Structure formats: structure tokens, C-alpha cells
Amino acid sequence: MELKNVKDAFDRVTKKQKLCYSKTHEVVDKMSQEIDKALKTIQEDNHESVVADLKKTFEEIAPINLLEASQKEINGVLTKYPKALDKTLNPDISTAYRNVKFDTHTVHQILAQFFYRQGMYDVGDCFISETGEVKPESSVTKAFMEMNMILEAMKERDLGPALKWVASNSDKLKEAKSDLELKLHSLHFLEIAKDKTSEEAINYARKHFATYSADSCCFPEIQKLMCSLLWNRNLNKSPYSEFLSPVLWTNAAKELTRQYCILLGESPESPLSVTVAAGSQVLPTFLKYLNVLPEKRKEWQTMEQLLVPVELSEEYRFYSVFVCPVSKEHSSEDNPPMRLACGHVLCKQSINRMSRNGSRSFKCPYCPTDIDASQCKQLYF
């Protein structure tokens, strides 16, 4: 969601709070000075009309009025801040809802798979039973069960199950050019160095790092691991303190999950997680569009193509999308991208319009080449 409005509102609150704090101290200090002056006058036995003068001074300062004015200012911005939070963080997303027909079976399968991937086997079984769907093959559920067992062991700093799995899939991991096996051996090496002796750690390195020593990408990492033994008991004060970071374990767990799912023939990320994450990126654009142009809400239900550009992060781009440079429309099955004789690409409908359905040649909009529509070839991404 767009957080700039929230940040601006928060900055206004903090600014007013500092001004209010400063004003309060200023008033209190001024009153304190007047009281000290009055006390000094009384101590010098010249206390006639001191209280009356002090009262008159306080009336002139009017501390209550000053503090009330300052408090009203901060209350004003504090009242607006929750509204900014509600508007930005709790929008009415129903305005962007489209009344479209879902493939219920596919949705059920995605939800069930998510439960099994997360290790929520009883929930998955219950969901399958209540929806009447077919339960995934036992080999798939058992595989997810094994994956979650490995990940749970890693949370307890037990690398045994993970190392056993990578050993049995070593060739496939090498084909995929994954460094997962080295990551796990590195973590185990550091655990041995921490809990046992440097000699045992060196013996482990000789046994498991030798195969990676010829790899120019892996060798520098192995060198750092071996040098870290010199600081074995004070690694946190060494140039190799990075080896104590829990991020190493997190990254290893993510890579194991990714490679496990790929070898299983599943997507590295749950389809449900990807859908929710991608949707959260584009939803603010839809909400803003429909709030600015409320008259478009009825059209929104039947639009086949978005009228506003939507940008997704690179990790959510799973296939190429071609936008015709002439019509600015996305290619589709009915309007595929076509390669011209000169090498430039336009959509089929643009070519038909420019060539009057192939009845005449036309000039490429990017170069002066004369184009015969019949010689244009469809492209497949």
C-alpha cells in the first residue's frame, strides 16, 4: 500500500508534539522564575503585595490559555492521523471486486495444496473432505511432510535430515547449479567449530569441501570459513562475524524449500502465496483508479483489458507480455504479435488496420521499409 500519506501525517503529529513539549516547558520555566523571584522578595522581608503582584503576573502570562491552545493543535493532527491510517491501511477493497466466475475446482486445489505445503495436514484433509475434492496423491503429501520435517529440524539447528536429503539428490542439485549442499555443509562446519574442536572442523572440511575447491565461485567462501577458525571462540569480534548471522540459516531453508519443490515438480512458491502477494501490489492501483473515476465501476465488471498500467515486481513475471507500439494494446490469442519483414514487431490488428486487411502495403512505423502484410509471421513467446 502507498504509505507516503501515513508518513506525512505521522511527521505532522511528531512536529506538533515537539512544539507542544517546547511550549509547555517554556511556560513552566517562566512561571518557575516568577515564583523564585517572589520567594526571594519574601526572604528579604519585603513581602508586601508580593502575592498580589505574582497573581497579576500569572494572569498576564495566562498559562492555561497558552497550554490549551497548544493542546488543541496537537489534538487536531492526532485526530487526522487515525483517519489517514484507516484510509491507507484499511481501504474498502470491495470497490475493486469483479463479479467473475471462478474455477471452483482449481481454487480448492490451490487452497488444499497450500495447507499441505505448510504442514497443516489435518486442516488439508478436513478441507478436502468438506469440499468433496480428490485428495492429492499420497506421494505428494508424504513429500511435503518430509520437507517440513527437514525445515523443523533446521529451526532446531539440526542439519542431519537436510544433509541426508541433499546427499541423495546431489547430482540433481549440481545440474540445477544450486549451492545448497555447500551452504548446508558450511553451516554444519561452523556448528562443529563452535561446539567441538578446530581439529574436528578441519577434518569435516577436508571430507566435504574438497569437491568445491576447484570451483572459482566457491573457493573464496571456503577460504573465509577456514580462516574463521583462527577466531573460533571470538567469532563475534572477528572479520568473519557474518557467519553468526541467522540470515544464513534463513537463506539455506529458503533454498532447500525451493529446490525440494522444483525436484518434486511443484512451483517453488505456493500459488496461493504468489497470488496474494502479487494482488497486494496491484490492488492500490485499482482502488485509486476506481476512486478517481467512480463512473467506471460498472465498466470495470466487464473490462477485458486494464485501462491503467500495472507494474509487478520481477519475481511475479512468469511469461513475456508484448504491447503493440502502435495500438498500445497487449497481445492476445486473437491479436498475436507479428514479425514484419524488416524485423520490427506489431500486433496483428494494427497490421490489418494499416494494410486495410492486407489489401495494400504499408510503411513500417519504425523504418521506411514497405511491408507486405502477407509476409508477416506470427511470433510465439
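**Helix packing and a small sheet in a predicted model**

Helix 1 and helix 2 are roughly antiparallel to each other, a term that applies because the angle between them is over 145 degrees. What we are looking at is a predicted model, in which local features need pLDDT of at least 70 and side-chain atom pairs count only at pLDDT 80 or more, while totals for chains, interfaces and linings use all residues. Residues are numbered from 1 along each chain as its sequence is written, and side-chain values use heavy atoms, with hydrogens and water left out.

Let me stay with that pair of helices, where a helix is a DSSP run of H or I with at least four residues, numbered from the N terminus. Helix 1 (residues 4–43) packs against helix 2 (residues 50–61) at about 170 degrees, on a scale from 0 to 180 degrees between N-to-C directions, and their axes, which are lines fitted to C-alpha atoms over the stretch in contact, are 10 Å apart. Among the residues that meet, meaning heavy atoms within 4.5 Å, are Met31 and Ile35 in helix 1 and Leu54 and Phe58 in helix 2.

In helix 3 (residues 63–89) we find Ser70, which counts as buried (under 20% relative accessible area, with a 1.4 Å probe and protein chains only) because its relative accessibility is 9%. Leaving aside residues up to four places away in sequence, Ser70 touches Cys20 and Lys23.

Finally, three strands, each a DSSP run of E with at least two residues, form an open antiparallel sheet in the order 2-1-5, where pairing requires at least two bridges found by DSSP.

Definitions and conventions. Buried < 20%, exposed > 50% of the residue type's maximum accessible area, 1.4 Å probe, protein only. Parallel < 35°, antiparallel > 145°, perpendicular 65-115°, else oblique.
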